[in-house]
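User: I'd like a close look at one part of this model, the charged side chains. Please take me through how they are arranged and how they pair up, with the cut-offs behind each term.

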Amino acid sequence: MTDYAEEQRNELEAIESIYPDSFTVLSEDPISFTITVTSDAGENGETVEATFKFTYVEKYPDEPPLWEVHSQENLENNDMDDILTLLQQQAEENLGMVMIFTLVTAVQEKLNEIVDLMKNRREEEKLRKEREAEEAEKVEFQGTVVTIENFLAWKANFELEMAEMWRKKQKEEEQSGKAKLTGKQLFETDHNLDTSDIQFLEDVGNSVEVDESLFQDIEDLDLEDDDPDFDPLEMGSDED
């Protein structure tokens, strides 16, 4: 008959000697204790750590011990899920043998793997941010691609804005009493317009040059008519 209590006491003494700085007994009935497992330092000095609480069941090691995560540092949720799955697998493989040292060793190796993966995660995160920055820069440089749909939407919005601006302008003019004058009203209110055309003609008349070569000499014009009864005034009146 297996003496479970004896095996448990012997393993507890061995565990305490192997992990003196990270082993703490919580209770003796049932036997419960914590062990803190820390990874080796990564290339930048980073580490990950987890503290597990183990509790012996009555028929341990023929039945697996109970365990739970007491605390952890620098580990993500998916990392902890992987570690708990690993513990379950190792416990099933080692039933019938004391297994705490085996379980802790498996966790230690897993934590070291996680530290190695942290470097890859940082590099992937860096690449991801660089890609996002490049995409954002491309979008900013290229602007919005014009399609029929967004052009029509922009046109409708633009027309609404212009109409609103026009209404506001008219309202401001009405409130300020500055109604738009017609051409006749401008002429009647500004007496300078009375003489502006006359002054313009005088100014132009003094500066107009006539090219006489465009006209024939008066002597070359055949103003006489063979008909003695020809009267240019009568011809003009007939045309009228």
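Analyst: **The charged side chains**

Let's start with a patch of negative charge on the surface, where Glu130, Glu134, Glu135 and Glu137 gather. Here Asp and Glu are counted as negative and Lys and Arg as positive, with His and the chain ends left out. Each charge is placed at NZ of Lys, CZ of Arg, CG of Asp or CD of Glu. A patch takes residues with over 30% relative accessible area and no salt bridge, joining like charges within 9 Å and nonpolar side chains (Val, Leu, Ile, Met, Phe, Trp, Tyr) within 5 Å.

Please keep in mind that this is a predicted model: local features need pLDDT of at least 70, side-chain atom pairs count only at pLDDT 80 or more, and totals for chains, interfaces and linings use all residues. Residues are numbered from 1 along each chain as its sequence is written, and side-chain values use heavy atoms, without hydrogens and water.

Glu130, one member of the negative patch, belongs to helix H3, which covers residues 100–142. Helices (H or I, at least four residues) and strands (E, at least two) are DSSP runs numbered from the N terminus. With a relative accessible area of 37%, Glu130 is partly exposed; buried means under 20%, exposed over 50%, and partly exposed in between, using a 1.4 Å probe and protein chains only. The areas themselves come from the Shrake-Rupley method, again with a 1.4 Å probe, and for residues only the protein chains shown count as cover.

Now for the charges that do pair. How many salt bridges does a search of the whole structure find? There are six, each being a side-chain nitrogen of Lys or Arg within 4 Å of a carboxyl oxygen of Asp or Glu.

One of them is in helix H1 (residues 4–18), where Arg9 and Glu6 sit three residues apart, about one turn of the helix. Their closest N and O atoms are 2.7 Å apart. Arg9 is partly exposed at 43%, and Glu6 is partly exposed at 32%.

Helix H3, already met through Glu130, also holds Glu132 and Arg128, four residues apart and separated by about one helical turn. In this salt bridge the closest N and O atoms are 2.4 Å apart. Glu132 has 44% relative accessibility and counts as partly exposed, while Arg128 is partly exposed with 32%.

In helix H4, Glu164 and Arg167 are three residues apart, about one turn of the helix. They form a salt bridge whose closest N and O atoms lie 2.7 Å from each other. Both ends are partly exposed: Glu164 has a relative accessible area of 33% and Arg167 has 47%. Elsewhere, shared partners turn salt bridges into a network that joins Glu125, Arg128 and Glu132.

What else does helix H4 (residues 148–176) hold? Met165 lies there too, and Met165 is exposed, with a relative accessible area of 54%. It is part of a nonpolar surface patch with Val146, Ile148, Phe151, Leu152, Trp154, Phe158 and Met162, with about 870 Å² of accessible area together. For a last look on screen, place the Glu164–Arg167 salt bridge and Met165 in the view of helix H4, then move to helix H3 for Glu130 and for Glu132 and Arg128.
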